Amino acid sequence: MEQQHFRSGFITIVGRPNVGKSTLMNALVGEKVAIVSNRPQTTRNRIMGVMTRENWQMVFLDTPGIHHPRTRLGEYMMQSVKDAMDGMDGVLVLVDATQVGEQDRAIVKEMSEKKVPKLLALNKIDLLPREKLLTLMASFADLSYDAIVPISAKTGDGLEDLTAALVKGLPEGPKYFPDDMMTDQPERQICAEMIREKALLHLRDEVPHGIGVEMMAMNKENDDFMEIHATIYCEREAHKGIIIGKHGTMLQTIGSEARADIEQLLGMHVNLKLWVKVRPDWRNRMDDLKTLGYNNK
């Protein structure tokens, strides 16, 4: 009888780049299913995270930050956002409460017109004085959101309230995924993203935007050991030198930190071998985009 009252739904998380969408989804799901960095446009694909409890299941779709694309990769990213809105049961709009600009307000207004349950989350409240937060909340009060919830994805403040508000908007539905499933991403893709995350963390200026990672091989030697070969692509010869670093130190740092995360993910020892290759203008080449997993079907 209880099963008849099970609630479930697909909730799309949207916002401009770098407002904390991936950090929030990881916090809600309780597992690192999306990479995080302080770089805009870190998320390039639609990434799914599943949050399951006894009486409900929420399937979050983390999307790339909404921006005006300047490359074919950018166009792919914006198409990913549109695709994630098809058939959604709810939309969660996220803004960085410490710096709300015209683009944020345009997104918030556009999403307020969607014909599904809508929540607006104001992130990074741990960095904002209470008076400014109240003024900000009041500025959105005339829009048709079911709730406006102040949160900090980093500290966890407000996440219980946000979860309760999201559950309230869920329709009755089936359990789409098993209890222990937290994402639909293949291990190959997660491992490639973990490598890219470490590159984003350590590289500066324009280099990170031109980086892509291709998994060449994942060979499981035994139950406790896997050998992984991956290639980091960049767009310029000068960038290749920066990624490798003096005496190979930068590549070694990226590889060492990525290996630690991958070992935790896979639950086994990993020998990670990285190469760096130049692919000029790969972000505008369809064949390269498909090779690196950016492929709108």
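This passage walks through the overall fold, the aromatic groupings, a helix pair and several individual residues of the chain.

The structure is a predicted model. Its protein chain contains nine helices and nine strands. The radius of gyration is 20 Å, close to the 19 Å that the globule rule gives for 297 residues, so the chain is as compact as a globular protein of that length. The C-alpha trace spans about 55 × 45 × 35 Å along its principal axes. Buried residues make up 51% of the 297 residues. Among the contacts with a separation of 6 or more, 71% come from residues 24 or more positions apart.

Attention turns next to the aromatic rings. The chain holds three aromatic pairs. In one of them, the ring centres of Trp 282 and Tyr 294 lie 6.2 Å apart with the planes at 15°; since planes under 30 degrees apart count as stacked, this pair is stacked. Trp 282 belongs to the loop between strand E9 (269-278) and helix H9 (286-291), while Tyr 294 belongs to the segment after H9, so the pair ties together parts that are 12 residues apart in sequence. Both partners are shielded from solvent: Trp 282 is buried, with a relative accessible area of 0%, and Tyr 294 is buried as well, with a value of 4%. Together with Tyr 76, Trp 282 and Tyr 294 form one aromatic cluster.The loop that carries Trp 282 also holds Asp 281. Asp 281 has a positive phi of about 55° although it is not a glycine, and at 39% relative accessibility it counts as partly exposed. Asp 288, by contrast, is found in helix H9 and counts as buried, at 12% relative accessibility. Leaving aside residues up to four places away in sequence, Asp 288 touches Arg 279 and Trp 282. Arg 279 has a ring partner too: its charged end sits over the ring of Tyr 233, 4.0 Å from the ring centre.

A contact to residues of this region is made by Thr 71, which, apart from its neighbours within four places in sequence, is in contact with Arg 283 and Asn 284. Thr 71 lies in the loop between strand E3 (56-62) and helix H2 (72-85). Its relative accessible area is 19%, and because buried means under 20%, Thr 71 is classed as buried.

Helix H2 is also the place of Met 77. Met 77 is buried, with a relative accessible area of 2%. Its contacts, not counting neighbours within four places in sequence, are with Gln 41, Thr 43, Arg 44, Pro 64 and His 67. Met 77 and Gly 65 are 12 residues apart in sequence, and their C-alpha atoms are 8.2 Å apart in space.

Another methionine, Met 51, is found in strand E2 (residues 47-52). Met 51 counts as buried, at 6% relative accessibility. Beyond residues up to four places away in sequence, Met 51 touches Leu 28, Trp 56, Gln 57, Met 58, Phe 60 and Thr 163. From C-alpha to C-alpha, Met 51 and Phe 177 are 9.6 Å apart in space, with their positions 126 residues apart in sequence taken as the separation.

The packing of two helices was examined as well. Two packed helices are described by the angle between their axes and the distance between the axes. For helix H7 (residues 237-244) and helix H8 (residues 249-266), the axes come within 4 Å and cross at roughly 65°. On the H7 side the contact is made by Ile 242, Ile 243 and Ile 244, and on the H8 side by Thr 249, Met 250, Leu 251 and Ile 254. By class, this contact has six nonpolar residues, one polar residue and no charged residues.

One further backbone feature concerns Asn 18. This residue has a positive phi of about 70° although it is not a glycine. Asn 18 is found in the loop between strand E1 (7-14) and helix H1 (21-29), and at 30% relative accessibility it counts as partly exposed.

Technical notes. Residues are numbered from 1 along each chain as its sequence is written. This is a predicted model: local features need pLDDT of at least 70, side-chain atom pairs count only at pLDDT 80 or more; totals for chains, interfaces and linings use all residues. Side-chain values use heavy atoms; hydrogens and water are left out. Rings of Phe, Tyr and Trp (its six-membered ring) pair if their centres lie within 6.5 Å; planes under 30 degrees apart count as stacked, over 60 as edge-to-face and the rest as tilted. Helices (H or I, at least four residues) and strands (E, at least two) are DSSP runs, numbered from the N terminus. Buried means under 20% relative accessible area, exposed over 50%, partly exposed in between (1.4 Å probe, protein chains only). A charge sits over a ring if NZ of Lys or CZ of Arg is within 6 Å of the ring centre and within 35 degrees of the ring normal. Axes are lines fitted to C-alpha atoms, for helices over the stretch in contact, and angles run from 0 to 180 degrees between N-to-C directions. Contact means heavy atoms within 4.5 Å. Ala, Val, Leu, Ile, Met, Phe, Trp, Tyr, Cys and Pro count as nonpolar, Asp, Glu, Lys and Arg as charged, and the others, Gly among them, as polar. The radius of gyration is taken over C-alpha atoms; the globule rule is 2.2 Å times the number of residues to the power 0.38.
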